Every structure is written in C-alpha cells, then in structure tokens.
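Reader: I would like a close look at one part of this model, followed outward into the rest of the chain. Please keep it plain and say where each piece sits.

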Amino acid sequence: MKIHSISPPGHAAKVGVRRTDSPAPLRRKRAMRIGIAALLLALAVLTACLLDVNAGSATVVTRFGNPQRVLLSPGLAWRLPAPFETPVNVDLRIRSTSSGLQDVGTRDGLRVLVQAWVIWKVKPDADHVLHFIRAVQNQSDEAARQIRTFIGSTLETTTSNYVLADIVNVDGKKVKIAQFEQALQGQLQTQLLNSYGIEVIQAGIERLTLPAVTLNATVDRMRAERETIAAQRTAEGKRLAAEIHSRADRDGRILEAEAAVKAATITAGAQRDAAAIYGKAWASDPQLYTLLRSLDTLGAIINTRTRLVLRTDTEPFRALVQAPEQQQEPLKP
C-alpha cells in the first residue's frame with residue numbers, strides 16, 4: 001500500500017520507501033534466530049541422547065539408578081537424556097593384584113610364607129558386568145582388596161593339600177609348583193566369577209620363603225634324605241661289589257677247573273707219548289733204557305742235601321759199579 005503526502009517530493013519518497021520495506025528484513029532475522037535456536041536445541045537434544053562406548057570398557061545405561069542395558073560394542077548408542085537415563089562406564093582392561101606374604105600351613109604341619117599374584121579383568125558379559133557393579137559399586141580398588149582376601153583364603157586351602165617337599169625340594173622332579181599354581185587359579189576363578197563377575201586370566205606364586213622353624217625342619221629333612229640316599233647307595237655299592245667278587249670267584253674256579261682239565265689232558269698225552277718213547281727206547285736197547293731210568297730216578301730223589309747209606313750193589317747204584325752184562329743178574333739175598 002502506498003501512502004500519499006503533501007511533503008516535498010524527496011522527503012515523501014524516502015518516508016514512503018522506509019515504511020513499505022521494513023517488515024521483510026525483520027522477518028528474515030527473526031526466522032534466522034529461530035532456526036539457529038532450533039538447531040542448537042536439536043544439537044543439545046542429540047548430544048544428550050547420544051553416548052560413546054569406548055574400546056576396552058562397557059557402558060551400563062541406568063534409568064533413575066536402575067541398570068537397563070549393557071553396551072559392550074565400541075561406538076555410538078542412543079539413550080534418553082538425563083536425568084531419565086545415565087551412562088556408567090565399567091573398565092574391562094586387564095589388571096594385576098598381589099596378595100603380599102601369607103603365612104599358610106602345609107599338610108605335614110609346617111608353615112610357609114607365600115606371596116601370590118593374579119591377573120584379572122571384568123568378564124565382558126552383560127550379566128557379569130552388572131554383577132561387578134552391584135558387588136563392588138564399580139570400584140576397581142575395592143575389587144582388588146576383595147581379590148587379595150580371596151587369595152589369602154585360597155592359599156590356605158590349597159597349601160594344606162601339599163607337603164613341604166612338594167613345594168621346596170632339591171630334586172626338581174619332585175617340585176609341584178606348577179600343579180600348585182593350577183589348583184590356586186582354578187579355585188580363584190570359580191570363586192571370583194561367581195561372587196564378583198571377575199575373570200581370572202592367570203595366577204601364580206610370586207615369592208616363597210620359610211620361617212626359621214620351618215627352615216630348620218627343612219634342612220633336617222634334607223639332611224636325613226641325603227643320609228638315606230647315601231646309605232642306599234653304599235648298600236647298593238656293597239651289593240654290586242659282592243656280586244662282582246662272587247662272579248670273579250666263580251669265573252676263577254671255572255678257569256682253574258678248565259686249566260686243570262687241560263693240564264691233565266696234556267699230562268696224560270705227555271705220559272702216553274713218554275711211555276711210547278720209553279717203550280721204543282727199551283725195545284731198542286734194554287740196558288741203556290735201564291741205565292737212563294736209574295739215572296733219572298737218582299736225579300729225582302737225590303739233591304745236595306740228601307744223605308743215603310746204601311749198598312753199592314743195589315739199584316740204582318748198581319749201574320755205577322757193575323758192568324752192563326752183570327746188571328742183568330738178579331740181586332743176591
């Protein structure tokens with residue numbers, strides 16, 4: 001709509017133009033402000049309804065303090081804006097806890113000081129995450145304190161199933177530390193998972209020492225074991241020595257018997273050969289044979305210390321004083 005005025009032409013034109021064009025820029029500015037406000041409001045609502053689930057953690061969405069759902073996959077997720085729903089982050093990373101030295105007893109009534117360690121984490125499962133939140137109020141320090149308490153009681157029950165020689169021994173084949181650690185881990189895994197939703201990844205012995213009384217008893221036991229082993233080895237050595245002597249005596253007797261048989265055989269053969277030779281000699285010259293046999297006999301029975309008083313006409317001296325033809329005559333009485 002145009003407005004007519006009696007004012008001067010220039011003035012009337014300016015007034016008319018300002019009154020005609022002023023509503024459009026105002027509407028545009030107002031629409032821009034409303035759009036920006038709506039955008040900011042939408043961003044605020046969007047920000048309030050989005051939550052970020054980080055890797056290595058779980059997010060529990062609570063509604064007025066009551067857990068509604070557990071988000072385990074990293075990324076963005078929807079929720080109602082506060083105060084309707086609130087996210088609670090639960091750390092799922094691996095942690096380690098040490099028990100400190102624990103005074104525990106073995107099956108044979110001796111005391112040992114054992115320090116164990118445990119590597120654990122909250123099991124990435126919705127039920128166990130909620131169990132962890134309810135048990136320790138999502139406080140890792142409180143969870144570590146509870147784990148140390150469980151380690152102490154489990155060490156006591158596990159150690160009572162072993163004698164000291166199974167834990168401390170100079171013979172590596174008799175040490176059962178690996179079996180001890182497996183038993184410790186098995187008990188802790190069951191108890192902590194059921195009580196706190198905590199998964200035990202690994203458990204082991206960090207330090208093992210002995211009190212003075214147990215140390216003295218251990219030294220005495222080791223000394224007795226060494227003495228027993230020494231006595232066993234000494235007895236075994238004596239037994240082996242006796243067996244060796246017995247075998248040597250047996251082998252010696254066998255060799256002597258075999259040598260005697262061979263000697264008898266050789267002697268018999270020699271005597272047979274000698275008899276044959278003597279027979280041939282006597283057959284060829286009986287007088288020479290008689291003379292040689294007499295001389296052999298004299299050589300066998302007479303030496304430098306022998307004193308004999310005999311008749312010279314008796315055998316074998318007859319060969320020295322008589323002629324060969326006279327030796328054939330019989331002796332006179």
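Author: Start with alanine 126, which, apart from residues within four places in sequence, is in contact with Val70 and Leu72. This is a predicted model, and what follows should be read as such. Alanine 126 lies in helix 3. With a relative accessible area of 29%, alanine 126 is neither buried nor exposed but partly exposed, because the partly exposed class runs from 20% to 50%. Its C-alpha is 9.8 Å from that of glycine 197, although 71 residues separate alanine 126 and glycine 197 in sequence.

From here the nonpolar interior can be taken up. In general, nonpolar side chains of soluble globular proteins tend to be buried together. In this model the largest nonpolar core has 38 residues, and Val90, Val129, Leu155, Leu188 and Ile198 are those with the most contacts inside it. At least two residues of this core come from each of strand 2 (57-63), strand 8 (111-122), helix 3 (126-136), helix 4, helix 5 (164-167), helix 6 and strand 9 (198-209). Strand 8 gives the largest share of the core, six residues. Apart from this core there is a second, separate one of five residues, among them Val53, Val61, Leu71 and Ala77.

Leucine 188 can serve as an example of the contacts involved. Leaving out residues up to four places away in sequence, leucine 188 touches Val118, Phe150, Ile151, Thr154, Leu193, Val200 and Ala203.

One of those neighbours, Phe150, leads to the aromatic residues. The structure holds two aromatic pairs. In one of them, phenylalanine 150 and tyrosine 196 have ring centres 5.7 Å apart and planes at 90 degrees, so the arrangement is edge-to-face. This pair links distant parts of the chain: phenylalanine 150 belongs to helix 4 (residues 140-159) and tyrosine 196 to helix 6 (residues 177-196), with the two positions 46 residues apart in numbering. Phenylalanine 150 counts as buried because its relative accessibility is 18%, under the 20% limit. Tyrosine 196 is also buried, at 12% relative accessibility.

Strand 8 deserves a second look for a polar residue, glutamine 115, which is found there. Glutamine 115 counts as buried, with a relative accessibility of 14%. Neighbours within four places in sequence aside, glutamine 115 is in contact with Ser98, Ser99, Gly100, Leu101, Gly204, Ile205, Glu206 and Arg207.

Next come the charged side chains. A search of the whole structure gives ten salt bridges. One of them is in helix 4, the helix that also carries phenylalanine 150: arginine 145 is bridged to glutamate 142, and the closest N and O atoms are 2.6 Å apart. Arginine 145 and glutamate 142 are three residues apart in helix 4, so about one helical turn separates them. Arginine 145 is partly exposed at 40% relative accessibility, and glutamate 142 is partly exposed at 23%.

Helix 7 (residues 212-284) holds glutamate 236 and arginine 239, three residues apart and therefore separated by about one helical turn. Their side chains meet in a salt bridge with an N to O distance of 2.2 Å. Arginine 239 also forms a salt bridge with glutamate 243, where the closest N and O atoms are 2.5 Å apart. Arginine 239 and glutamate 243 are four residues apart in helix 7, again about one helical turn. A network of salt bridges links Glu236, Arg239, Glu243 and Arg247. As for accessibility, glutamate 236 is partly exposed at 36%, arginine 239 is partly exposed at 38%, and glutamate 243 is partly exposed at 32%.

Last is a nonpolar group at the surface. Met32, Ile36, Leu39, Leu40 and Leu43 form a nonpolar patch there, and together they have about 510 Å² of accessible area. Leucine 43 is a residue of helix 2 (residues 23-49). With a relative accessible area of 42%, leucine 43 is partly exposed. In this patch, then, nonpolar side chains are on the surface, whereas the 38 residues described earlier form a nonpolar core.

Methods: Residues numbered from 1 in each chain as written. Predicted model: local features only at pLDDT ≥ 70, side-chain atom pairs only at ≥ 80, totals over all residues. Heavy atoms only, no water. Patch = residues over 30% accessible without salt bridge, like charges linked within 9 Å, V, L, I, M, F, W, Y side chains within 5 Å. Areas by Shrake-Rupley, 256 points an atom, 1.4 Å probe, with all protein chains shown as cover. Salt bridge = Lys/Arg side-chain N within 4 Å of Asp/Glu carboxyl O. Buried < 20%, exposed > 50% of the residue type's maximum accessible area, 1.4 Å probe, protein only. Phe/Tyr/Trp six-rings, centres within 6.5 Å; stacked < 30°, edge-to-face > 60°. Core = buried A, V, L, I, M, F, W, Y, C linked by side-chain atoms within 4.5 Å. Contact = heavy atoms within 4.5 Å.
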